[in-house]
Structure formats: structure tokens, C-alpha cells
There are 2 protein chains.
Amino acid sequence: MSSSPRVQPAPLTGLKRYLPADHSSVVFDGGFWQGWSETVRNVTIPTQHKRLEEEGFLEVLDFDRPAGPLVRPIQPSGLSMQHFFDSDFGKWIEAASYTLKAHPNAEIEAKIDDIVAKLEQGQMADGYLNSWFIRREPEKRWTNLRDLHEMYSMGHLLEGAVAYYEATGKGRFLDVMIRAVDHIIDTFGREPGKLRGYDAHEEIELALVKLYRVTRDPRHLKLATYFVDERGQMPSYYDEEARNRGEDPQDYVYKTYAYSQAHLPVREQQQVVGHAVRAMYLFSAMVDLAVENGDPVLKEACERLYDNLVGRQLYVTGGLGPSASNEGFTREFDLPNETAYAETCAAVALGFWSHRMAQIDLNSKFTDRLETVLFNGALSGISRDGEHYFYENVLESHGQHRRWKWHYCPCCPTNIARFITSLGQYFYSTKDSELAVHLYGTNSAELMIGDTFVRLKQETQYPWDGDIRLQLALEQPSHFTLHLRIPGWCRSAEILVNGMAVDLGACVTNGYAAITREWRNGDEVRISLSMPVDRIYAHPAVSEDGGRVALRRGPVVYCVEETDLGGEPQRLRLPATSEISARYDAGLLGGAAVLEGTALEAEDAGWENALYRTAPPALKKRPFKAIPYHLWANREAGAMAIWLQES
Amino acid sequence: MSSSPRVQPAPLTGLKRYLPADHSSVVFDGGFWQGWSETVRNVTIPTQHKRLEEEGFLEVLDFDRPAGPLVRPIQPSGLSMQHFFDSDFGKWIEAASYTLKAHPNAEIEAKIDDIVAKLEQGQMADGYLNSWFIRREPEKRWTNLRDLHEMYSMGHLLEGAVAYYEATGKGRFLDVMIRAVDHIIDTFGREPGKLRGYDAHEEIELALVKLYRVTRDPRHLKLATYFVDERGQMPSYYDEEARNRGEDPQDYVYKTYAYSQAHLPVREQQQVVGHAVRAMYLFSAMVDLAVENGDPVLKEACERLYDNLVGRQLYVTGGLGPSASNEGFTREFDLPNETAYAETCAAVALGFWSHRMAQIDLNSKFTDRLETVLFNGALSGISRDGEHYFYENVLESHGQHRRWKWHYCPCCPTNIARFITSLGQYFYSTKDSELAVHLYGTNSAELMIGDTFVRLKQETQYPWDGDIRLQLALEQPSHFTLHLRIPGWCRSAEILVNGMAVDLGACVTNGYAAITREWRNGDEVRISLSMPVDRIYAHPAVSEDGGRVALRRGPVVYCVEETDLGGEPQRLRLPATSEISARYDAGLLGGAAVLEGTALEAEDAGWENALYRTAPPALKKRPFKAIPYHLWANREAGAMAIWLQES
């Protein structure tokens, strides 16, 4: 095989978009993300490989040996978690690859090469590649797209292959996956003799666009477009497929194809429904296809669905998908706290979607949510030590929730890992003579704005402090527009360019300040985002949060933990008028701003043996401390609450 | 076979208890329960038989024909709901039988006789009787007491047989069941060669005591005693049984035998745990055995567990078992409202347990809970039309809950039916020269107090009004103690005997006023229970109810329904000082007292497109009406709440 992928140039016919920075050219050399980046690179990536090995995930690639006993039993849907082990090491390869360019690591590379060699060995002559079906049920391949995640797994391998190729230039994995994609092209589509199917668990669609952006092979884009356009067409392929298996389509475990966003053609969908991760992967692919195909109707569908999500179905943490039963959405405004499913993967994938939206329309409504998941509902999915995880990111606990080292269905650990190892791309993007700064946090970046090479140094204690200093280094003066995001949470911002105040009233559009000028070497921009403690209230239709208040400072949502309070935070009542102050606590889990104030607490006294009575409980004053939600469950286990009763 | 059961006299060695009235000698000839009794007798009983027929429940008895396809699939536990169809018609026979003495019905009797004939025909030569195992898996009988409800089903058949015998004097069904019990006696016990097992779903224990109270055969009492004493002994029989099936006991779906109250010997249990219905049936049997065996340690365990339940784990409605995942208990004070499981069967069975406790110790703490389930968490399980049901009795809804005509697992309909058709027994009980009046509601009763025959007429609008008039008719004057329950909810009561006030301070013990005198024909007792609208607060540890208030008047818990409010009651905030008045509404579902007042409602205005913001919602005044919780979901579907936010 050739050692580099077959690259075919294709015309760019799509919408113009901002191009995200190359993540490896953004170095977190201080501040908030330095610690997290190092932990994920040095602890998370190696320990995840260890888990994949010791838990038997990699054993599925030992094609020379007969398949051993199942390590994950078959579920009522017919799916075993083992059906999609490929996706887990696919995502691990992707996450690990993102670290390799800036931090070469021969050991990690050898582990990836070993997996790639096995995948290549196992790949069937026609290009088919899925370890479960090759080894256990070759006769059943392509017989159940509704339940068995066949292309979902392939999609994650494909994303891994693209990332590994981009990191190392090695083309073997990508070649293997291009052959697999060729096989899928031969098998699926509207042409006579092909199956008109599409995988119920979206993922391959966005992976194919990633592939297309490397290969520029129009067949790759066409396949992704076909999968998205075919989705939800009636009569449903899943009905036909079920009948072909001798099953009654009515017996479908999840009852409705809305579970997989396959109840309606995607352009007609008005509400975000079904399995949350699937939805986010689909919508991410839809943005990509709107861009590549220049498809305004698809873009409009994305905007409509985005507004539905953030206006009616999103937790204050950026978590999404309240229900465990479908791992997803229920009714609008249904946002229970203690039973929140709010899967880490879904929050990460909302980051993917939000980021893509912002590259078409520079609008802080998208990047605000990217930032929300980054500092809250996604980051909460990984422990401060980098090797313990949450799958569900509840907003309230009575102490029953514990981070785990590995999971029955460990999709989340590699997802949060690939998010953090590729974080640089989310900070900046460029288009012609424009540079957009989406996120704040100390880093040093190297960027091309048109033909201009710019070094950008960002220095800040963000998110613990709202003062940010940007320094530009250019070889020669250059005229371009610097877009600076003014976060939606910020009610008072100030920007100085070389000490001169910028008139924000005149230059802010959709939450971005546009500063167009001739930029010179040494130019300094100072951004000051006022960061008081905010009391947050939820829409009256969110009945779980009625009469409750959440605390947020800057982009960080806070919670009260039992280990600090010495009691259950559910008993607190925060007077509407009480003062709450912020203080940086260097000793707290690597350092964080904490909030402190005094609340009232409902007392046990007088309730001996009474579960109900006609007098309300007495209240006494109690000082409390709140910590960033993403840091919860890193110390002694106990109760936790974000939404506190207000009195 | 003989047409009457083998009755063997046995010495009464147990604790002295009050004897409940014969339910058929208490006639609800007016007031609250008249309508319900008639509906259940005339609508519920016949329609339930119809459902059993049309849904294939009775087909399992057609032993002449090969078993048809499963109408209920096998669950992950190995159990199909079909395994215990016997229990459903067993309970139906019991419920129907309770109506037959006062209201003979040849058609119903013929239907029962038909079932009995089939059971007799199918019964195996050794007495074994369970339609699933006889017809489908005879080789598997007695191989999985942990999961398959074998004796649970037999227990319900046995209760049905006792009730049918007592109603009609026909002994055929009882004979069949006595043979089945003989077979169980031959199979289980501590004697060499017997299996040391006991069914994980308790039920047969209390059924065996019912049988014993008819037969006085000490072997029947001994078997019940064995089952209760053996429960939770280690090493567990279920471990051994699983290994005998070639299974790993660790693979048990429910993980812990606490699910079946089999984690510890019953006398050592401190906390009510596991499946709620199982727990209630077990504890009911434990009271029965404490009585029959004169076992103070068992009685003490019952008291301890009762206090745990009512002090830490009971909904304000009398519902119990908050979690669907184990159909039971979780941690103490975990009482979520919208996801409450609170199965109808569990509330009914708490009635059974409470009633039994009160027959040993006349204490209103027991009868208060019997009354609570009667007017709230059990009665809510049946619709006003008598043919629609709830399985879960949630305390809050967003409109997703609907009553159904029949269920995947229809254990509840027959349970609430047998509760109401035998209601008379819960009203009165007697012991030597004592008569206890436990419940209030219009009825005419005939009772024996020692050798004295008394006709008692109770007239009242209770529970809509707290004034009750009792009239006694005696052939000759008789000296006895009349115990009148002063409900725990009542803070001001008055009793007049023939117009003369009784000094309650001197005569009330444990919530019962004892009036000892020579009673004469025509004596009149007037009881006046003050019945203001009560605001109820929950213990501070019940975090779901923090800052919330429930409305109760007398024994009736109220709720606000969307159909009355024109909006979601979850948005209401009830000012702590607002007035709430009661009014009898004759037009509401057969007539009921409703509550009316004015609350504040959180407004949508200003929340366009915002899910979160830094200002709380504006509040505007809104009049509201609350209706008795047991009547909810009988009109237009919509949201409902018991616990309202207080402001």
C-alpha cells in the first residue's frame, strides 16, 4: 500500500467558513488549561490504553485467535457494548494523535501502529472493517443498522485515522480506512443494487467530512451527504431491514426512530429529540455538509435545532439529554437535576456542534455554549487526577455518585480526552483578513491570517479573573480584523488597544467586538470582562428549578458540596439579598476561585420521628462555600447541589 | 373429594388480638364508600374478569390444549409476567368472593367455579399447582424460588380459595389448595430430604395464616413460620439454588437479596428495604405469626420496621417505594415526587400491615396510615369509573401519566379491588368486651361484642366533614368499652354521648378514646373532628419537598391539576399567609370537598428565548383550586402537583 492517502483535489463550492486553528500550534503554557492539558497527555492517554488492554477491548483485534467469551452481554436491543469496542480504541487513537505533533511519543505511536497493523490484518478482502462482525458474525454484517452501531464504530476508526495521519504523516491507517469507506460506497446509496441504509448511531457522517477535507475525494463527501439526506425518509429502511431479519418492526425496543433522529428527514426536524450524543454528531455533520455543499436549508435546520436546544432543553452546565431511558431528550423544559443523564459525550459533542456553528456565523451564542461545556458539563466528566470519570453529569447528588476508573460502556473517557487534546483549535479561527478569538485562557499561538504569520500570546487567570492580555508579534504590519468574543454572561466589558479604549457600542456584533486596523508587532490588547457572582434563574417552565437559584461567575457554574458544608446542600436556603464573595483558593485541587456566603439551613431539631408536620422547619444561619461544578466529586464523597433553594 | 375443608382444632397459644369485623356484616349504605363499593362490585369485578379473559390470562388454565405463544416475554431476570398469571385470577377470585355474601351473584360464582374446575383438573398428582410450570416447564418446578414467583402465585390462589370458601361455603377450591399446601409441606422445610427454600416474593406466608385460621391445622401455621424464620439465613438458599442451576449467584439481576428482604434474618432487620410489595406482604405475615405464635421478638421487629417506614420512607399520600428500578426502597428520606413508583399494590399492602398492627396494639399511628392509604395513595390507583388504573401513584406530573384499562403487569387492579370489597373489616374490631371504631364513614354494621349483638349505625359526610353520628342498637343493656379513634391529623376533637361531653383528656390513649359504660339501645355518640385546611411540611431531609407545602384536610391529601388551573401547578407559589377555604362541590366526580385560594404564579413574560437569566421570574396572583389527590387524572390529562412551592 502507498504510505500516503489518495488525495484528489475537489472544487470548493460550499459556504465560506472560518478555519479553526491547527490545535498543535496553540500551546497552553500557563493558566487554567496548562494543567489539564498536561494531565490528559501524561496520565489520561496512557492509562486509557492500559484500561483498553486490561479490560479486553484490544483483544477483539486478535484475529488469529478464536473470539473469546463475551466480556459484555447482549442487551435487549440485541446490542452488546462489545459490538462497538472499535469505537473506543478509535477515539483513543484520535485523542492520542492530537498530542503527538507537539509532544512526539514513540511509545504511544508504537501502540497505535500495533492496533493499525491488526486492523489491516483483519480487514476483509472487500474492505469491510468491523472487528465484531469479522470475528463473530460475518454473515450478519449490514443486516441491522438500526441497533448494532456498525458504521458508528467505523466512523470513530476513521476519525482516528485522519488524526493520526495529520499528526504523523503516516498513511497506513488512513489507507485501511479509505478501503473501508470504498466498501461502504459500494454497499450503500440510492443506486440500484445498493442498500438504502444509514446507521442509526450517527458518527460516520462527520468522520467522512473529515476524510473529505483530507482527500478532497468527492465520493467521500457524497457518501456523507447521502447518509444525512436519506435519514428519516419514509418508508423507513429500519422497517424493511427488520422484516428482512424476520422481525416485526413494531418490536423495536426504543419504539420510535426519533431515538435516532430518523423519524423525519433532517431538514424537517423542529425539535431536538432522541439519543443526545447521536443528535449532536448528526447536527455537527449537518453543519459540515451545509458548508461543503453550500446548503442554506441544512444550515437553517441547524440554526433552528440549535435554538431549540439552548432555549428549551439545555442544563445550565451545558449538559443535555435528561433521561437515562433513551440516553437523551424527553419533553421540552424537562431538566431534572439528580436524575440528569447529561452524558459527558453529549456535552463534548455539543462543543463540536457549537464550534462548527460559530465557524459559519461568528456569534457568541454558539461559543458561549462551547465555553459552558468546556468549563462545566464536559469537564465535569473527568477527575482532576485525569483517570476517573463520570458518564452522567448530574446537577445534584445525595452522595450516591462516584467517579469510576473504567465503565461498562466507556465512551466518555476517550471523548473528553480528544476534546482536551485538541483544544487549541477551539480558541482561534481565521478567514481571509480576519482573526477570531473565541476563548480565553493563557496560551501561545501561531496563526496565519491570509498570508500574514502572527504569533499571539494570551495571558490571563481566566476563568478565575476577567482580565486578559493579548500580545501580537508580526514580522511586518498587517491590516486585519481582530474579532474578540464578549461572552454572553458578561454585562460590562472593556477593551484597550495599546492603552486606548475601544468603543464597544460601535464595534460589537453578535457578541464579538471587531477591531479592524493595521496591527503591528508588539501591539497589546487588554480585555477586561467584569466577573461578579451571578445568581441564575431558570425559565418558569423548568419546574425542577422553580424557587431555586444557581451561582455562576464568569463562565463557571458553581455547586455546594457536602464535604465543604458538613451537611446536605439541599437543606440550604439562600436569601435573595445575601452577599456572596469570590476568593481564589490556591489549595483547592490545583487552584480555583471559590464563592463564600451565608445561607439559612433547615434544621432537624423538632422533627424527631416526624416525617410530616404542620409547621415548617426552623431555619438557622450557616456559612457556605461553593466550588466550580467541574471540580465536584474529587474529594470526599457526599451530597452536592447546583440549584439551591432561594428564600 | 370432600366438599368442606379438613378442619383440625388447634390450641390458641398466641397473643390476644382484636378480631376484625366480618366485612360482609358492614354495609356502606350511604356516604363516601357507598359509591365506591357499588362501582367496584358492579363495574370493577366484572370488567376485570373480562380483561383476564380477553388478555389471555385465563387461557393458561386450558390444560387440555398445548400452551400457546407467550403473551408476555421473558425478562432479563428470567421471569415472564406470565409466570404469575395465576396470582392475578387468584386475587380476582378473592376480590369477587368478598362481594358474594352480601350480594350473591350466580354469574360471578359460575366464573369462579369454572376457574376452580380447571385448576383441579391441572393439579399434578403430587398436589403441585402452578399453571406455568405444569404446562410449560414441569422439569423446572422448584428450581428458582429467587426469580419465578412460584409460591407467590400459589399464595394468591390460596387467599382466593379461603375467601371463596368463607363467602360460599363451597370447599372444592380450598381442598385443591390444601393439597397444594400439603405438597409444599412435603417439599420444603428443615427436615432431611427437604429443600430449605422460601419464595423470594413473599405472599404465601400470610396466605398460610389465613388458611390456618380456617383449618386450625398446625402444619399450616408451621409452614408459614418456617418460611418467615428461614428467610435471610446464611448461606443463602438462593446462592445454592443458583449454583444448582449452573449459574453464578453473583449474576443476580437485583444484586442484593435485600431486594426480597432476604439479606438478613427478619428479626434482625432494622430498615425497610427492597421491593415494597414484598416487604409489606412479609411484614403482614410477621404480625400474623407474632399473634399466632405469641412471638414478642417478631412483634418488636414489626414495630421497629413500621417506625422506620413511617418516619423515614413514606410519602404523604401513604405511597411507598420511590424507585422503579427495584419497585421499592432506596435510601431513607428519598421521596421524589414525579418519579415516585409508589405502587398501588404497596399502598394497599401497607393497609394490610397497618390493620394487622392495630389489632395487637390499639394505636392510631397504625390506623392513621391505614386511613391515609385508603383516602389517598391506594384509592388513587383506581379511577372514578372503576375500570381504569394506575400502577405508579406519582405525586407530581407534567401530564405524561394516564390511567390505563389493563397493564403489562396488572397486579394492582385486583389488589385495590379486594381492598375495597373487604373494606368493612377495617372499620371495626372487637375483643372480649371492647369495640374499636377505627374508621369513619357512613355504614350499618352488625357486631358481636363478647356475647352481645350490637347494631351500629354510622352517619357522616366524612371525609368531607368531621361530624360523625353513631347509633347503637342493642337487645339489652351491655357493659363494654367503645374505643373511638381520634385521628392523628385532628388537633381538636369533641365527643358527646347522648349529648354529654366526654372528657377526652382523661380517656384518650394512643389516639383512641375509651368510653366504658353500660350501653343501651338507642345510645347516640357524636364525634366532632375539627377539619381545617392543613399546610403540611416534610422533614428537612426530604430534599424534594424543601421549600414546599402540601395541603391536607382531614385525612385527604389535595393536589392541583392543570385542568382546573389552566396552567402547570408547578409554577405556583403559595404565600405562607394566604387563606385557603374548603367547599363541597357536588358536581366533582361524585362529589368532593375542594380547596380554593389565591397563589402566585411565575410568569413566562420576559423569558422569550431565554432558558436562564439573572433575574427571577415575575410573579402574578392566580386563584387556584385543589382537589382530593385520589380523584386526579379522572378528567382532562395534564400536569398535577401535591407539593407546591411556598413563597
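The following paragraphs lead through a predicted model, from the single chain to its domains, a group of strands and the contact between two chains.

The description begins with chain A as a whole. Its secondary structure amounts to 17 helices and 24 strands. The radius of gyration of chain A is 25 Å, close to the 26 Å that the globule rule gives for 647 residues, so chain A is as compact as a globular protein of that length. Measured out along its principal axes, the C-alpha trace of chain A spans about 75 × 70 × 45 Å. Of the 647 residues in chain A, 55% are buried. Among the contacts in chain A with a separation of 6 or more, 71% join residues that stand 24 or more positions apart.

Chain A is next considered by domain. The domain assignment gives domain 1 as residues 29-65 + 85-422, domain 2 as residues 429-529 and domain 3 as residues 533-646. Between the C-alpha centres of domain 1 and domain 2 of chain A there are 32 Å. These two domains touch: 16 residues of domain 1 of chain A are in contact with 20 residues of domain 2 of chain A. On the side of domain 1 that touches domain 2, the helices α1 (31-54), α12 (344-360) and α13 (364-377) of chain A each supply at least two residues. The largest share of that side, six residues, comes from α13(A). By class, the residues on this side of domain 1 divide into five nonpolar, seven polar and four charged.

A set of paired strands in chain A deserves a closer look. Strand β6 of chain A covers residues 443-449, and its side chains alternate. N443(A), A445(A), L447(A) and I449(A) point to one face and are buried, whereas S444(A), E446(A) and M448(A) point to the other face and are not. Two strands of chain A pair with β6(A). With strand β2 (residues 26-27) of chain A, the pairing is antiparallel and rests on two bridges; here V26(A) has A445(A) as its bridge partner. With strand β7 (residues 452-460) of chain A, the pairing is again antiparallel, over seven bridges, and N443(A) has Q458(A) as its bridge partner in β7(A). The strands β6(A) and β7(A) form a hairpin with two residues between them, and G450(A) in the turn has a positive phi of about 60°.

The final subject is the contact between chain A and chain B. A turn of 180° with a shift of 0.0 Å along the axis lays chain A on chain B with an RMSD of 0.0 Å. The two copies are thus related as by a two-fold rotation axis. The same surface serves both copies, as 100% of the contact residues of chain A recur in chain B. The contact takes 36 residues from chain A and 36 residues from chain B. On the side of chain A that touches chain B, α11 (296-312), β15 (533-538) and β21 (612-613) of chain A each supply at least two residues. With five residues, β15(A) gives the most to this side. The side of chain A that touches chain B has 15 nonpolar, eleven polar and ten charged residues. Strand pairing also crosses from one chain to the other: β21(A) and strand β15 (residues 533-538) of chain B run antiparallel and are joined by two bridges. In β15(B), A538(B) is the bridge partner of Y612(A).

Notes. Residues numbered from 1 in each chain as written. Chains lettered and ligands numbered in written order. Predicted model: local features only at pLDDT ≥ 70, side-chain atom pairs only at ≥ 80, totals over all residues. Contact = placed C-beta atoms within 7 Å. Helix = DSSP H or I, 4+ residues; strand = E, 2+ residues; numbered from the N terminus. Nonpolar A, V, L, I, M, F, W, Y, C, P; charged D, E, K, R; others polar. Pairing = 2+ DSSP bridges. Buried ≥ 20, exposed ≤ 12 C-beta atoms within 10 Å, placed from the backbone. Least-squares fit on C-alpha atoms with pLDDT ≥ 70 in both. Rg over C-alpha atoms; globule rule 2.2 N^0.38 Å. Domains from an automatic or database assignment.
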